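Hi,

Here is the structure I promised to pass on. Have a look at it first, and then read my notes underneath.

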Amino acid sequence: MSSLESILNFATQLAEKAGDLIVEMRSGKHLSVDFKQGIELVTNADIAADKLITSAIQDQFQDHRILAEESAPDLEKISDLSTPLWIIDPIDGTVNYAHNHHQVAISIAYCVRGKVQVGVVYCPFQAEMFTAIRGQGAWLNDQPLQTSSVNDIQRAIVATGFPYDKSETLPLLMKRLESILQHCADVRRLGSAALDICWVAMGRLDAYYETVSPWDFAAAQLIAREAGALCGHFIDVPADMPEELYGENLLISNPHLFKPLKSLLADAENAR
């Protein structure tokens, strides 16, 4: 077994344990809800799953760094390429989780020198485990993944999401959304970036765009790449940032739709 296969097995087991934990906490009477900065919803299950995952990584890999949404959200870590980095979202789709929706995922990415080598995204409520190793393909519950073959933008189903704080960005968000709605078949807003991207990987969706944090998309992006998706940005990435870990103006689609969608979103940006 290769070192990356061992990493994948370890991450998959962690995702399953965290998934069992959050399912149990939601089914009981011990779930509590709070708000970070007064707007971003967080539950005690987020904290518990974060602790479960990060503690296991720290025990197993003492010299590795961790970027985790709840316990270690220092984004400066992504520009330090000196040691391996784990990027963790203990619950992607916390609002969905707190409202008893199923579109919820645990996301675990293993990165070396700014490149994701292993990605795991697990939806415990639908028993769907998405995995990938760089250069070795992507999988859903041991079945290989491939993006859709839709090549007509008018037939494309495109996913996106919106930030908690829309006070300054709403006009731009609406310009982008209007452009997509005018040219594509329809839009989905499902509430979990990680699963949106994995759905692009398997062809349930044709494309996805949004601005998100690294823990929202790092693992899923590798899964999509390995399934044949094109992953990039519709606005240039700053020169000092690792492109694979930069979450602003993210665009992921099947190979046929990337260029036209990039043009649509860039034009909306320029029309401000």
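Below is what I found, going from the whole chain down to single residues.

First things first: this is a predicted model, so please read everything here with that in mind.

**The chain as a whole**

We have 272 residues, and for that length a compact globule would have a radius of gyration near 19 Å; the chain comes out at 18 Å, which agrees. If you want to set up a box, the C-alpha atoms fill one of roughly 50 × 40 × 35 Å along the principal axes. Buried residues make up 53% of the 272. I also looked at contacts with a separation of 6 or more, and 63% of those are between residues 24 or more positions apart.

On the surface side, about 12400 Å² is exposed, with carbon and sulfur atoms supplying 48% of that area. As for charges, there are 21 positive and 36 negative ones, and the mean positions of the two sets are 3 Å apart.

In terms of secondary structure, the chain has seven helices and 14 strands.

**The hairpin at β1 and β2**

Strand β1 covers residues 33-36 and strand β2 covers residues 40-43; the two pair in the antiparallel sense over four bridges. One pair to click on is D34 and its bridge partner V42 in β2. Three residues sit between the strands of this hairpin, and Q37 takes a positive phi near 55° there.

**The seven-stranded sheet**

Next comes an open sheet of seven strands, with mixed pairing and the order β3-β4-β5-β6-β7-β8-β9. Its edges are β3 and β9 (143-144), and each has a single partner strand, so one side of each is left without a neighbour in the sheet.

Strand β4 (residues 85-92) is the one I spent time on. Eight of its eight residues are buried, so β4 is largely enclosed by the rest of the structure. Who are its partners? On one hand there is β3 (residues 65-68), which runs parallel to β4 and is joined to it by four bridges. On the other there is β5 (residues 105-112), which runs antiparallel to β4 with six bridges. W86 is a handy residue for seeing both: W86 is the bridge partner of I66 in β4, and W86 also stands opposite Y110 in β5.

Further along the sheet, β6 (residues 115-123) and β7 (residues 128-133) run antiparallel and are joined by six bridges. There, V118 has I133 in β7 as its bridge partner.

**P90, inside β4**

P90 lies in strand β4. Is P90 buried or exposed? With a relative accessible area of 0%, P90 is buried. Leaving out residues up to four places away in sequence, P90 touches D46, A49, D50, I53, E69, E70, A105 and I106. D50 is worth a look among these: D50 and P90 are 40 residues apart along the chain, and their C-alpha atoms are separated by 5.0 Å.

**V150, in a loop**

For another kind of setting, try V150, which lies in the loop between β9 and β10 (157-159). V150 has 23% relative accessibility and counts as partly exposed, because the buried class stops at under 20%. Again leaving out residues up to four places away, V150 touches R155, A156, D206, N254, H256 and L257. N270 is 120 residues away from V150 along the chain, and the C-alpha atoms of the two are separated by 27 Å.

**Two more positive phi values**

If you run a Ramachandran check, N100 and A127 are two residues to look up. N100 has a positive phi near 65° and is not a glycine. Where does N100 sit? N100 is in the loop between α3 (94-98) and β5, and at 54% relative accessibility it counts as exposed.

A127 also has a positive phi, near 50°, in a residue other than glycine. A127 is found in the loop between β6 and β7, the strands joined by six bridges that I mentioned above. Its relative accessible area is 49%, so A127 is partly exposed, since exposed needs over 50%.

That's the tour. Send me any questions once you have had a look.

Cheers

Key: Residues numbered from 1 in each chain as written. Predicted model: local features only at pLDDT ≥ 70, side-chain atom pairs only at ≥ 80, totals over all residues. Heavy atoms only, no water. Pairing = 2+ DSSP bridges. Rg over C-alpha atoms; globule rule 2.2 N^0.38 Å. Buried < 20%, exposed > 50% of the residue type's maximum accessible area, 1.4 Å probe, protein only. Contact = heavy atoms within 4.5 Å. Areas by Shrake-Rupley, 256 points an atom, 1.4 Å probe, with all protein chains shown as cover. Lys, Arg positive; Asp, Glu negative; His and termini not counted. Charge placed at Lys NZ, Arg CZ, Asp CG, Glu CD.
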